[in-house]
Amino acid sequence: MSIAHWSTMDTKIGPFTAVVATDGAVLASGWTKDVDELTPLISPAVAPGELRERRDLGPVSKAVRQYHAGVLDAVDGIEVRQRSGDFRQHAWEVLRTVRAGEPVSYADYAALAGRPAAVRAAATACARNAAALFVPCHRVVRTGGAMGGFRWGVDVKRWLLAHEAA
């Protein structure tokens with residue numbers, strides 16, 4: 001039975017919780033203090049058998065603190081483990097290449113993922129992303145720059161984009 005650890009920390013935009021495998025890979029994360037909001041997002045293929053709270057998640061906690069303090073690339077080197085179909089898996093990898101301060105439209109994101117006509121599939125990849133911040137789905141906006149949706153709220157998305165644009 002695999003064990004994962006979780007921790008919640010305060011950030012400038014509210015509590016942020018991460019669920020991390022024993023090898024340090026992020027399984028799920030987001031702006032919530034309730035780990036039960038995150039566990040259903042974890043793919044059954046990588047879901048841990050047991051969750052244990054830990055005050056500090058080492059490199060993951062450090063990266064979250066640094067990101068919120070303005071070191072925007074602090075989360076880039078953190079491993080993420082999500083599983084899905086081929087397109088979504090690839091789309092999540094592509095999303096990690098979208099730089100802070102350079103948001104893309106859903107259409108641009110679909111093109112970056114190699115399927116320009118798959119705008120809805122690209123949007124679904126954002127919606128099903130379990131590892132918010134580490135897989136920066138907040139960097140995808142509607143054509144024309146409108147926010148679009150975000151699991152953790154449009155106010156959080158707006159703050160993240162402003163933080164990265166500064």
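This report walks through a sheet, a helix packed among its neighbours, a ring cluster and two buried loop residues. The model is a predicted one, so please read every value as computed from it.

## The sheet

Let us start with the strands. Four of them form an open sheet in the order β3-β2-β1-β4, with mixed pairing. Because β3 and β4 stand at the edges, each with a single partner strand, one side of each has no neighbour in the sheet. On average, neighbouring strands here are turned by 20° against each other, direction ignored. As general background, strands of a sheet pair through backbone hydrogen bonds, either parallel or antiparallel.

The table shows how the pairs of this sheet are joined.

| Strand pair | Direction | Bridges | One facing pair |
|---|---|---|---|
| β1 (residues 3–11) and β4 (residues 50–53) | parallel | four | A4 and L51 |
| β1 and β2 (residues 14–21) | antiparallel | eight | T11 and G14 |
| β2 and β3 | antiparallel | four | A18 and S29 |

How many residues lie in the hairpin that joins β1 to β2? The connection runs through two residues. Helix α2, residues 59–68, lies across β1, β2 and β3 and runs at about 25° to β1.

## Helix α3 and its neighbours

Helix α3 spans residues 86–95, and its buried residues are F87, Q89, A91, W92, V94 and L95. Where do these buried residues pack? They rest against α4 (106–112), α5 and β6. One of them, F87, also has a charged partner: R115 lies over the face of the F87 ring, at 4.5 Å from the ring centre.

## Aromatic rings

Now for the rings. A search of the whole structure finds three aromatic pairs. In one of them, the ring centres of W31 and F150 are 6.1 Å apart and the planes meet at 50°, so the pair counts as tilted. This pair links distant parts of the chain: W31 is in the loop between β3 and α1, while F150 is in the loop between β6 and α6 (154–165), 119 residues apart. Are these two residues buried or exposed? Both W31 and F150 are buried. Ring pairs also build a wider group, a cluster of F16, W31, F134 and F150.

## Two buried loop residues

T32 sits in the loop between β3 (26–30) and α1 (35–38). Why does T32 count as buried? Its relative accessibility is 5%, and buried means under 20%. Leaving out residues up to four places away in sequence, T32 touches T8, P15, F16, T17, E37, L38 and W152. Among these contacts is F16, a member of the ring cluster.

N129 offers a second example, placed in the loop between α5 (119–127) and β6 (140–141). With 3% relative accessibility, N129 counts as buried. Which backbone atom does the side chain of N129 reach? It reaches the backbone oxygen of V135, at 2.7 Å. Again leaving out residues up to four places away in sequence, N129 touches Q82, W92, V135, C137 and R151. W92 in this list is one of the buried residues of α3, and this contact brings the loop residue N129 together with that helix.

Terms used
Residues numbered from 1 in each chain as written. Predicted model: local features only at pLDDT ≥ 70, side-chain atom pairs only at ≥ 80, totals over all residues. Heavy atoms only, no water. Buried < 20%, exposed > 50% of the residue type's maximum accessible area, 1.4 Å probe, protein only. Contact = heavy atoms within 4.5 Å. Pairing = 2+ DSSP bridges. Polar contact = N/O pair within 3.5 Å; in protein donor to acceptor, adjacent residues only side chain to side chain. Phe/Tyr/Trp six-rings, centres within 6.5 Å; stacked < 30°, edge-to-face > 60°. Lys NZ or Arg CZ within 6 Å of the ring centre and 35° of its normal. Axes fitted to C-alpha atoms, helices over the stretch in contact; angles between N-to-C directions.
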